[in-house]
Amino acid sequence: GPLKPEITITYIAVSAIFFNSGLSLKTEELTSALVHVKLHLFVQIFTLVFFPTAIWLFLQLLSITPINEWLLKGLQTVGCMPPPVSSAVILTKAVGGNEAAAIFNSAFGSFLGIVVTPLLLLLFLGSSSSVPFTSIFSQLFMTVVVPLIIGQIVRRYIKDWLERKKPPFGTISSCVLLMIIYTTFCDTFANPNIDLDKFSLIIIVFIIFSVQMSFMFLTFLFSTRSDSGFTPADTVAIIFCSTHKSLTLGIPMLKIVFAGYEHLSLISVPLLIYHPAQILLGSLLVPTIKSWMVSRQKALKLTRQPKVPVKV
């Protein structure tokens with residue numbers, strides 16, 4: 001249609017989100033995030049190892065139910081996806097968490113996902129098609145890394161203006177993300193051959209929300225342990241980056257790995273539900289998580305203050 005999503009979404013929209021992030025992020029914060037290896041390892045292992053394995057084990061139980069098998073396969077593809085290139089960053093920023101860590105893990109996880117995600121899809125679901133890693137890698141580099149670097153360079157020259165005007169970076173990113181979701185829904189559900197029964201769809205929606213809530217709670221428990229070494233701001237980034245899955249990378253990957261599959265549209269449905277669901281759920285939890293983070297930070301400051309001896 002007139003929106004030309006193959007150009008505006010695939011290239012311009014994702015690039016705009018990361019240019020926006022590069023423009024808004026303080027360079028020193030991104031540099032400091034690079035050395036936070038423990039946080040990055042936690043996020044990537046949870047996202048690309050624990051998540052798909054846990055989903056696979058769960059689907060072994062669901063395979064005996066009357067739920068549409070292609071939707072169940074779609075749930076497995078969700079588990080194999082890398083972190084998102086936008087939503088986790090936007091929500092982390094909205095809460096006031098470690099945005100630099102969220103951006104680093106989004107970018108790094110996306111690159112890691114170029115190799116790992118297709119291999120996971122082949123491992124859990126199988127496919128006879130070859131995966132053009134080079135073309136995906138070059139596209140990701142041009143739409144994620146280059147805009148982020150350009151944004152950082154531009155920021156150096158207009159830093160004072162940005163500090164004075166404080167542009168609505170979060171609102172801009174949210175609007176772009178909404179456009180991505182809209183065009184992807186249109187693309188999938190415009191397929192006349194899609195055969196979707198209401199029972200399976202309702203169950204899948206329930207499972208998706210349950211999985212998200214369970215995994216968010218699980219990451220919260222792990223990252224707030226006394227020996228974890230993570231700050232409250234780190235925990236916010238971990239919660240969103242570890243449990244969110246990329247739609248903008250996921251749909252193109254599914255089209256490449258399962259090219260020619262008759263049930264490709266049905267396989268895509270869970271990811272199409274998961275993405276807006278993670279944004280909706282995350283948005284609803286922003287006030288609660290923000291309140292927890294602020295109170296936790298205040299409590300930590302009080303415990304670190306040296307006690308003043310009382311004069312008798």
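**Exercise 1. Threonine 65**

Decide whether T65 in this predicted model is buried, partly exposed or exposed, and then describe where T65 sits.

*Solution.* Start with the relative accessibility of T65, which is 29%. Buried means under 20% and exposed means over 50%, with partly exposed in between. Because 29% falls in that middle range, T65 counts as partly exposed. Next, look at the location: T65 belongs to the loop between α3 and α4 (69–80). Finally, check the partner S200. Along the sequence, T65 and S200 are 135 residues apart, yet their C-alpha atoms are 9.9 Å apart in space.

**Exercise 2. Lysine 73**

Find the element that holds K73, and work out how far K73 is from W56 in sequence and in space.

*Solution.* Following the chain to K73 brings you to helix α4. K73 has a relative accessible area of 26%, so K73 is partly exposed. Now turn to W56: K73 and W56 are 17 residues apart in sequence, and 9.4 Å separates them from C-alpha to C-alpha.

**Exercise 3. Two salt bridges**

How many salt bridges does a search of the whole structure find, and which residues form them?

*Solution.* The search of the whole structure gives 2 salt bridges. Take them in turn.

- Step 1: E99 pairs with K93, and their closest N and O atoms are 3.6 Å apart. With a relative accessible area of 11%, E99 is buried, whereas K93 is partly exposed at 33%.
- Step 2: D227 pairs with R225, and here the closest N and O atoms are 3.8 Å apart. D227 is exposed, at 55% relative accessible area, while R225 is partly exposed at 45%.
- Step 3: Test both distances against the cut-off, which is within 4 Å. The values of 3.6 Å and 3.8 Å are within that limit.

**Exercise 4. Cysteines and disulfides**

How many disulfides does the structure hold, and are C80 and C241 buried or exposed?

*Solution.* First recall the idea: a disulfide is a covalent bond between the sulfur atoms of two cysteines. The count for this structure is 0. Then read the accessibility of the two cysteines. C80 has a relative accessible area of 0%, and C241 has 1%. Because buried means under 20%, C80 is buried, and C241 is buried too.

**Exercise 5. A patch on the surface**

Which residues form a nonpolar patch on the surface together with L41, and in which helix is L41 found?

*Solution.* The members of the patch are V37, L41, I45 and V49. Together they have about 350 Å² of accessible area. To place L41, look at residues 37–62, which make up helix α3.

**Exercise 6. The whole chain**

Describe the protein chain by its elements, its burial and its contacts, and then examine two annotated spans.

*Solution.*

- Step 1: Count the elements. The protein chain has 12 helices and 0 strands.
- Step 2: Look at burial. The chain has 312 residues, and 48% of them count as buried.
- Step 3: Look at contacts. Of those with a separation of 6 or more, 86% join residues 24 or more positions apart.
- Step 4: Look at the surface. About 15700 Å² is exposed, with 69% of it supplied by carbon and sulfur atoms.
- Step 5: Turn to the annotation. An unreviewed UniProt entry lists several spans as "transmembrane region", including 202–223 and 264–286. Residues 202–223 are 100% helix, with end C-alpha atoms 32 Å apart. Residues 264–286 are also 100% helix, and their end C-alpha atoms lie 34 Å apart.

Key. Residues are numbered from 1 along each chain as its sequence is written. This is a predicted model: local features need pLDDT of at least 70, side-chain atom pairs count only at pLDDT 80 or more; totals for chains, interfaces and linings use all residues. Side-chain values use heavy atoms; hydrogens and water are left out. Helices (H or I, at least four residues) and strands (E, at least two) are DSSP runs, numbered from the N terminus. Buried means under 20% relative accessible area, exposed over 50%, partly exposed in between (1.4 Å probe, protein chains only). Contact means heavy atoms within 4.5 Å. Accessible areas come from the Shrake-Rupley method with a 1.4 Å probe; for residues, only the protein chains shown count as cover. UniProt positions are given in the numbering used here, feature names are shortened, and annotations may be inferred rather than shown by experiment. A disulfide is a pair of cysteine sulfur atoms within 2.5 Å. Patches are made of residues with over 30% relative accessible area and no salt bridge: like charges are joined within 9 Å, nonpolar side chains (Val, Leu, Ile, Met, Phe, Trp, Tyr) within 5 Å. A salt bridge is a side-chain nitrogen of Lys or Arg within 4 Å of a carboxyl oxygen of Asp or Glu.
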